[in-house]
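Reader: Hey, got a minute to go through this one with me? I'd like to start with a buried-looking loop and then hit the helices.

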Amino acid sequence: IGLDHFHKVRDQFAKAGISLCAYNISITDTFSDAELERAFDMTAALGAPLITSSSNIKTVARIAPVAERRQIVVAMHNHSRIDPNEFATAKSLTDAMAANRYIWTNLDIGHFTATNEDAIAFIKQHHARIVTLHIKDRKRDQGPNVEFGAGDTPIVEVLKLVAATGWPIPLNIEYEYKGADTVDEVAKCLAYCRRALGL
């Protein structure tokens, strides 16, 4: 697909009054140099301000200089799989951010909780370099995804913290537990968040 396709998509979003906050593309170890550059080309063509990526730790060394040259932030998305090459712990994320000013974080608070990390502490310390928060509920100790309010993830505390501070961090509901109708379940998640904020 040529970049013209992405320009057309950009125009369609603009006409609909939709502003993109990121382009998600998972830049992994398997990417060639050309594919890595292409990820940034597509992001620029879409008019997205940054990239969110379920990447690998080893790939940061290749991503960082391109991000610096292109002046486009790449935010690493964490999961709960503990592995030397996976973003899962606070240290894995902070080490990546320390390596380059264009490496930021896309924090999934559910996965973070499942690895027994402290989402509140991480957000307080690194909020200036968090591009978005993925909101889901999970149990600690690699526990399952569950309905909002049934797990150990501090969803209410996170919502209140971001609201009280006014930090410009988008919060995205992720529906990953086993439920019924997807639209109904996401509506329940949204209602839970609204109640938490007294809306």
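**Loops and a helix pair**

Author: The Asn56 side chain reaches the backbone nitrogen of Asp29 at 2.9 Å, a polar contact (N or O atoms within 3.5 Å, one able to donate a hydrogen and the other to accept it; residues adjacent in sequence count only if both atoms are side-chain atoms). This is a predicted model, where local features need pLDDT of at least 70, side-chain atom pairs count only at pLDDT 80 or more, and totals for chains, interfaces and linings use all residues. Residues are numbered from 1 along each chain as its sequence is written, and side-chain values use heavy atoms, with hydrogens and water left out.

Reader: Is Asn56 buried or exposed?

Author: Asn56 has 9% relative accessibility, so it counts as buried (under 20% relative accessible area; exposed is over 50%, partly exposed in between, with a 1.4 Å probe and protein chains only).

Reader: Ok, switching: which residues in helix 7 meet helix 8?

Author: Ile155, Val156, Leu159 and Lys160 in helix 7 meet Tyr192, Cys193 and Ala196 in helix 8, contact being heavy atoms within 4.5 Å. Those residues divide into six nonpolar, no polar and one charged (nonpolar: Ala, Val, Leu, Ile, Met, Phe, Trp, Tyr, Cys and Pro; charged: Asp, Glu, Lys and Arg; polar: the others, Gly among them).

Reader: And Thr153, where's that?

Author: Thr153 lies in the loop between strand 7 (145-146) and helix 7; helices (H or I, at least four residues) and strands (E, at least two) are DSSP runs numbered from the N terminus. Thr153 is buried, at 8% relative accessible area.
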